[in-house]
Amino acid sequence: MVAGAFPLAKLLTLGARQLSRPLAARIKAGARASPFFRTYICLPPAQLYHWVEMRAKMRLMGFRGAAVKPLNEEAAAELGAELLGEAIVFGVGGLCLYLEYARQSGQARRREEEQAAALREVGERLERLQEELNAMAARLPPGHAPGHAPAGSDHAPAAGHAPGVEGSGHAPAGPGH
């Protein structure tokens, strides 16, 4: 991991998450005070949450078909404001995760593109070298193959040895040989 990229990205996402908590608290306070917000934004999710929670608890205890009483308006407004605040914090956290994922995938995509470009460049260089080799082979006199001595030539080494060449990988001819 790159040390320079870590603090800025991580600190920004952590800061956004920490700032979302006071923002959620302000929204909760506004939700409690505003009749419209309280009636149409806080109460319906709170009553639904209460209904689902109570139904689940009743089923776990073995009571089937029992009616669930709705919460009173004050408790529902409080629960709805809490749900709204947690949803905001969760949403900001999810947004931070998504932005970090997008940043990481963008870096990975750029890295892959750079590797593909380098691979294409190596392939092109290999093709150019192959073309140069073919051009050089075409300039040789007939009967000469690249890397081989012509048939019937006096320059061919005898029996796989290179006579007179030191360091050819063979032991020198001498008294202990």
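How far apart are the end C-alpha atoms of H2, and what span should its 27 residues have? At 1.5 Å a residue, H2 should span 39 Å, and its end C-alpha atoms are 37 Å apart, which agrees. The model is predicted. This briefing covers helix H2, what follows it, and the salt bridges of the structure, which come to 4.

**Helix H2**

- Helix H2 covers residues 35-61.
- At Cys42 the helix H2 bends by about 40°. A proline, Pro44, follows within four residues.
- The buried residues of H2 include Arg38 and Cys42, the residue at the bend. Leu43, Ala46, His50 and Met58 are also among the buried residues of H2.
- Gly62, just after H2, takes a positive phi of about 100°.

**Salt bridges between H2 and H3**

- Arg38 and Glu73 form a salt bridge through their side chains, with an N to O distance of 3.9 Å. This pair links distant parts of the chain, since Arg38 is in helix H2 and Glu73 is in helix H3 (residues 73-139), 35 residues apart.
- The side chain of Arg38 also meets that of Glu74 in a salt bridge, at 2.7 Å from N to O. Glu74 lies in helix H3 and Arg38 in helix H2, so this pair ties together parts that are 36 residues apart in sequence.
- Arg38 has a relative accessible area of 16%, so it counts as buried, the cut-off being under 20%.
- Glu73 has a relative accessible area of 49% and is partly exposed. Glu74 has 51% and is exposed, because the cut-off for exposed is over 50%.

**A salt bridge within H3**

- Glu100 and Arg103 meet in a salt bridge between their side chains, at 2.8 Å from N to O.
- Both residues are in helix H3, and being 3 residues apart they are separated by about one helical turn. An α-helix has 3.6 residues a turn, so residues three or four places apart point the same way.
- Glu100 is buried, with a relative accessible area of 15%. Arg103 is partly exposed, with a relative accessible area of 27%.

**Shared partners**

- Which residues are joined into one network by salt bridges that share partners? They are Arg38, Glu73 and Glu74. Arg38 takes part in the salt bridge with Glu73 and in the one with Glu74.

Notes: Residues numbered from 1 in each chain as written. Predicted model: local features only at pLDDT ≥ 70, side-chain atom pairs only at ≥ 80, totals over all residues. Heavy atoms only, no water. Helix = DSSP H or I, 4+ residues; strand = E, 2+ residues; numbered from the N terminus. Buried < 20%, exposed > 50% of the residue type's maximum accessible area, 1.4 Å probe, protein only. Expected span 1.5 Å × (residues − 1). Bend = angle between axes of the 7 residues up to and from the residue.
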